[in-house]
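Visitor: I should like to be guided through this structure, one step at a time.

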Amino acid sequence: MHEFSLMESVIRIVKEASESNRLARITSITLVVGKLSGVNIEALRFAFEALKNEESLIQEAVLEIEEKEGQGKCSVCDKIVPVWHYDLLCPDCGMPMQVAGGDEFYVKSITGERDG
Ligand SMILES: [Zn+2]
């Protein structure tokens with residue numbers, strides 16, 4: 001259900017953006033979802049399909065999702081490696097890695113049309 005509330009906040013952002021840009025319909029919404037963000041993309045798409053029928057503004061919108069690979073950075077030697085989970089040790093010096101990317105979740109772009 002985590003994805004449902006995330007999708008609700010995405011729709012809130014989309015609504016605000018469409019109001020300030022005077023858009024009558026939204027045609028596409030692009031989200032960036034890091035692989036370490038803990039967000040399940042299938043559940044997110046499911047939530048979108050369920051919620052969009054309640055909102056005429058986004059009824060025809062397409063949901064685009066850009067996935068970002070996880071990235072870890074060594075706290076000691078600054079080595080950067082791709083990671084798929086937290087809790088990783090540096091392959092070079094064995095020290096703990098910190099997440100340097102792939103934990104993001106945000107609305108990247110919204111496109112829509114004005115009336116007339
Ligand atoms: Zn290291």
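**Elements, sheet and core**

Guide: The chain holds two helices and six strands; helices (H or I, at least four residues) and strands (E, at least two) are DSSP runs, numbered from the N terminus. This is a predicted model, in which local features need pLDDT of at least 70 and side-chain atom pairs count only at pLDDT 80 or more, while totals for chains, interfaces and linings use all residues. Residues are numbered from 1 along each chain as its sequence is written.

Visitor: Which pattern does the chain follow along the sequence?

Guide: The helices and strands are read in order along the sequence. The pattern is α-β-α-β-β-β-β-β.

Visitor: In which order do the three strands of the open sheet stand?

Guide: Two strands pair if DSSP finds at least two bridges between them. The edge strands are β2 (62-68) and β6 (105-113), each of which pairs on one side only. The pairing in this open sheet is mixed, and the twist averages 15° from one strand to the next. The order is β2-β1-β6.

Visitor: In which sense do β1 and β2 pair?

Guide: Strands of a sheet pair through backbone hydrogen bonds, either parallel or antiparallel. Gly34 stands opposite Lys68 in β2. Over seven bridges, the sense of pairing between β1 and β2 is parallel.

Visitor: At what angle does α1 run to β6?

Guide: Axes are lines fitted to C-alpha atoms, for helices over the stretch in contact, and angles run from 0 to 180 degrees between N-to-C directions. Helix α1 lies across β1 and β6, and its angle to β6 is about 45°.

Visitor: Which element supplies the largest share of the largest nonpolar core?

Guide: A nonpolar core is a set of buried Ala, Val, Leu, Ile, Met, Phe, Trp, Tyr and Cys residues joined through C-beta atoms within 7 Å; buried means that 20 or more other C-beta atoms lie within 10 Å of a residue's own, with C-beta atoms placed from the backbone. Of the 16 residues in this core, Met7, Val10, Val14, Ile26, Ile29 and Leu44 touch the most other members. At least two core residues come from each of α1 (2-20), β1 (25-34) and α2 (41-52). The largest share, five residues, belongs to α1.

Visitor: With which residues is Val14 in contact, leaving aside its neighbours within four places in sequence?

Guide: Two residues are in contact if their C-beta atoms, placed from the backbone, lie within 7 Å. With those neighbours left aside, the contacts of Val14 are Ile26, Ile29, Ile58 and Ile110.

Note on methods: Buried ≥ 20, exposed ≤ 12 C-beta atoms within 10 Å, placed from the backbone.
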